[in-house]
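Biologist: Shall we look at this one together? I would like to understand the words people use for its parts.

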Number of protein chains: 2
Amino acid sequence: MEDSCTLIIFGGTGDLVKRKLVPALHQLKYEGLMDEGFNLVSIGRRNKTQAEYKQDLFDGMVNYTKLLIHEESWEFVKNRTTYFQMDFNKPEDYTLLRNFLNSKVDSGEYSPNFMFYLAVGPENFGKIVNLMDQNGIVKDGNNWNRLIIEKPFGVDLDSAKTLNSEIRKVFKEDQIFRIDHYLGKEMIQNITMLRFQNAIFEPLWSNKFIDNVQIVVSELDGVGSRAGYYDSTGALRDMVQNHLLQTLAITAMDPPISNDPDHIRDVKVKLMSELVLYSDETVADNVLFGQYESYKNELNIPHDSKTETFVAMKLYIDNEKWRGVPFYLMTGKKLEEKTAQVTIEFKFPKDIEETCSTNEIFSLNQNSAANVLEIKIQPREGISLRLNTKKPAVINETVVAEMEYCQSCQNNFNTPDAYEKLLLDVMKGDSTRFTRWDELALSWYFIDSINKKLVPLYHYGDNSCGPTQACILLKKDDRKWWHLNKMKRGETHENL
Amino acid sequence: MEDSCTLIIFGGTGDLVKRKLVPALHQLKYEGLMDEGFNLVSIGRRNKTQAEYKQDLFDGMVNYTKLLIHEESWEFVKNRTTYFQMDFNKPEDYTLLRNFLNSKVDSGEYSPNFMFYLAVGPENFGKIVNLMDQNGIVKDGNNWNRLIIEKPFGVDLDSAKTLNSEIRKVFKEDQIFRIDHYLGKEMIQNITMLRFQNAIFEPLWSNKFIDNVQIVVSELDGVGSRAGYYDSTGALRDMVQNHLLQTLAITAMDPPISNDPDHIRDVKVKLMSELVLYSDETVADNVLFGQYESYKNELNIPHDSKTETFVAMKLYIDNEKWRGVPFYLMTGKKLEEKTAQVTIEFKFPKDIEETCSTNEIFSLNQNSAANVLEIKIQPREGISLRLNTKKPAVINETVVAEMEYCQSCQNNFNTPDAYEKLLLDVMKGDSTRFTRWDELALSWYFIDSINKKLVPLYHYGDNSCGPTQACILLKKDDRKWWHLNKMKRGETHENL
């Protein structure tokens, strides 16, 4: 069981609280994972009664989630929730907050262990942290203080450094939990399990046996209500810098020497530091942007916007394990399919020049295809493995067979939302699935090596598979995107 | 397309012809794999008209197989079949056979390429071959002659040598096709495909990564109508010496340098020569026999029979690849389940002391189980792979997942009978799936190292999983038989 704690959310009337955080608390309670000493203080500027606010939360769960609401669990969350009205821009309001918290802690009603969740724009992080500190809300002692923040952590390395130094004046690195909700997804966590809890994958996990790796996150939706933020950010910063690079790090990192959070993050940092930077000479050949056709007609998007809603890129990792293996990343909005997956394409037997135990020549059947391991992150969750097997008949040919394990297809299984896991992790003080500063800094360092002015921008049809150039990027290397492999659905992409 | 040829079967009124050979010819024709110049001469002692004999064949297909009889294919086989009445013990009858064949070949009706199939007891092999030779039936020239024989090839190395030398007086080694019908089974052939047409298995295929291998052939049926033969033979000679050791050889052989039949048989021979022999000191600890309870009550079985109907054994292979890995073999009659499978149990990550690319310590989750690859030969045909994946929930545990590919579950798929493949192989002259003399000799050499007098014989219940001692054999090593793993069926074998 976790320590008892008090969760203090700035941005309490925002979408995140309704859609994700309160539903996650409900589920954690339902699963018996909440300490009885838990309380929630939700801060907002709007004038609301406690009853109105709680009704908002309830309506949010009903409207935005598919949860079966469990009365006892909801009562638990509701009874422990207090809406606290204040303007986080006003220094004097922090005195009220301090007094409220002090009185609740002194009376024994609240735990003195504080989790501060800044569910507000990052431009407010420094100010809120500073004002909390000046007003004695963040107190050291026998209790603990933890800070939770979400992306964007800056727009480049410099701005990220500035943001970080503001926060670090008050919180130590091990008190800061930078959420990347991809790290809370079931199948992203499963990558670590698959790699290190099975004997059969890690020996194959290197340039000796792997031809290329593909990491894809494609979305059906367009920019939606986030137009203002999105147009000033773009897909590279919104998706690649965090979700895709984190997924890459977990897929490609060396085995950690233990499960200790810092050992895991140490190997991720090592990996991030080994990404081959782009130069102005190489970037245009290896990175391309796209923008969906109707993007400029979206509400609040400038008609001359050059913001990318699609990124495809090829990168290398310069270490013994991965030298020579291309990693292909792709992400985009308004595509034909919602999917997130990591695809490991193995070499052909004949291309494995030197294996560990043998140095034999395999004679490859002409029908044999590459072995492919797919780790499906969403919406379907599971793994599949393509093998060559004997064609079922009298003749001596092979045929491709696919073995599959579908986790999300299991009976009675609802995938826990990433926020459940991540909130629980913060309560436990387990920072494994949060981004440490040095990881973050290195990911910006890599992204900053992309001179965006030199990257070509192509338009692509709404609900298409993205710009044709993304397919050409792989075709030049005699490869193809596996997530576009429509063979099994009876479609073909021969023209790509 | 194969050469045209004439198939001459001794034992033409026996079960094999009706149940297997003629149905296989029907299917090969149906699949378009038969040369138009094919003819069949079926030899029997009984007095039958051509029409009666062909009706027997037709009735056999209807009664003993599940084939959909295709009129055109059956007409093809029927029209090319001649029943030839003779007593193969009478030298004078061979003159009649020679004259018949000569006239048919001379008139251009029959191909001069002869396949002789001895579907008779092995005690007759030498005599028939000798009389054919003396009477000028086996002629060298621009045509070819091939001899097909089936087990038992002797009862020990000495008798096998005698049998072989009788045959070799007439036929050269490359003219002799010793059928082991296991080598014609789809999934046995698939073992080679899986190992050498995929990049991901062979690197793991050694004592570095594999903990143990299990080869199991269990039968529901009792001794049936083969009592006389069976009681003088026993499971060790009837099953282990041929089917199980051949399966073992294909599973464990080194990669061949090419697909050439002799290269494949070279590595099988090497493997057979590396089997660790039993001594009188070791045999009782590693080999055990069983006899099902009702065996002595079967028709034509002596009441004091000590013949084994069940064998379980543990053996080692003394080479770099397999040193230290136990191979557990089990076969028996009258067991609770009909199954044939090869099970590869991999080591735990923590037990892999030194991998090729890393030398890291994995911290193993307490719930993690061994990875297990099952190659299912019959009745279900396919492969499955047990993996540890993340337990689908917020907690950090693993759960065992099974990925499966079921070949025999595919729509519209009828597994071809082993005899189809094997007859076609002989027509082509492809000896890959036939046992070469040196393989056979070495398998007897290994079997002869078992001093049967020292092997304990246990009784086991009809329709049980065999004697408890077979489970203890593995339990002593802290292992278990995977084919008895009833977890997935909701049963347990806790008491074993």
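Modeller: Let's start with pairing: two strands pair if DSSP finds at least two bridges between them. Keep in mind that this is a predicted model.

Biologist: What makes β5(A) and strand β6 (residues 176-179) of chain A a pair?

Modeller: A pair needs at least two bridges, and 4 bridges join β5(A) to β6(A), therefore they pair. The two strands run parallel. Within β6(A), A:Ile176 is the bridge partner of A:Leu147. Between these strands the chain passes through helix α6 (residues 157-168) of chain A, in a right-handed β-α-β crossover.

Biologist: Which residue of strand β4 stands opposite A:Leu147?

Modeller: That is A:Phe116. Strand β4 (residues 114-118) of chain A is joined to β5(A) by 4 bridges, and these strands run parallel too. Here the crossover from β4(A) goes through helix α5 (residues 125-134) of chain A and is right-handed.

Biologist: How do you know that both faces of β5(A) are covered?

Modeller: Buried means under 20% relative accessible area. On one side A:Asn145, A:Leu147 and A:Ile149 are buried, and on the other A:Arg146, A:Ile148 and A:Glu150 are buried. In total, 6 of the 6 residues of β5(A) are buried.

Biologist: Why are α7(B) and α9(B) called roughly parallel?

Modeller: Helix α7 (residues 186-197) and helix α9 (residues 234-252) of chain B pack at about 10 degrees, with axes 9 Å apart. Angles under 35 degrees count as roughly parallel, so the name fits α7(B) and α9(B). Among the residues that meet are B:Ile188 in α7(B) and B:Ile250 in α9(B).

Key:
Residues are numbered from 1 along each chain as its sequence is written. Chains are lettered from A and ligands numbered from 1 in the order in which they are written. This is a predicted model: local features need pLDDT of at least 70, side-chain atom pairs count only at pLDDT 80 or more; totals for chains, interfaces and linings use all residues. Side-chain values use heavy atoms; hydrogens and water are left out. Buried means under 20% relative accessible area, exposed over 50%, partly exposed in between (1.4 Å probe, protein chains only). A crossover is right-handed if, with the strands pointing away from the viewer, the path from the first strand over the helix to the second runs clockwise. Axes are lines fitted to C-alpha atoms, for helices over the stretch in contact, and angles run from 0 to 180 degrees between N-to-C directions. Angles under 35 degrees count as roughly parallel, over 145 as roughly antiparallel, 65 to 115 as roughly perpendicular and the rest as oblique. Contact means heavy atoms within 4.5 Å.
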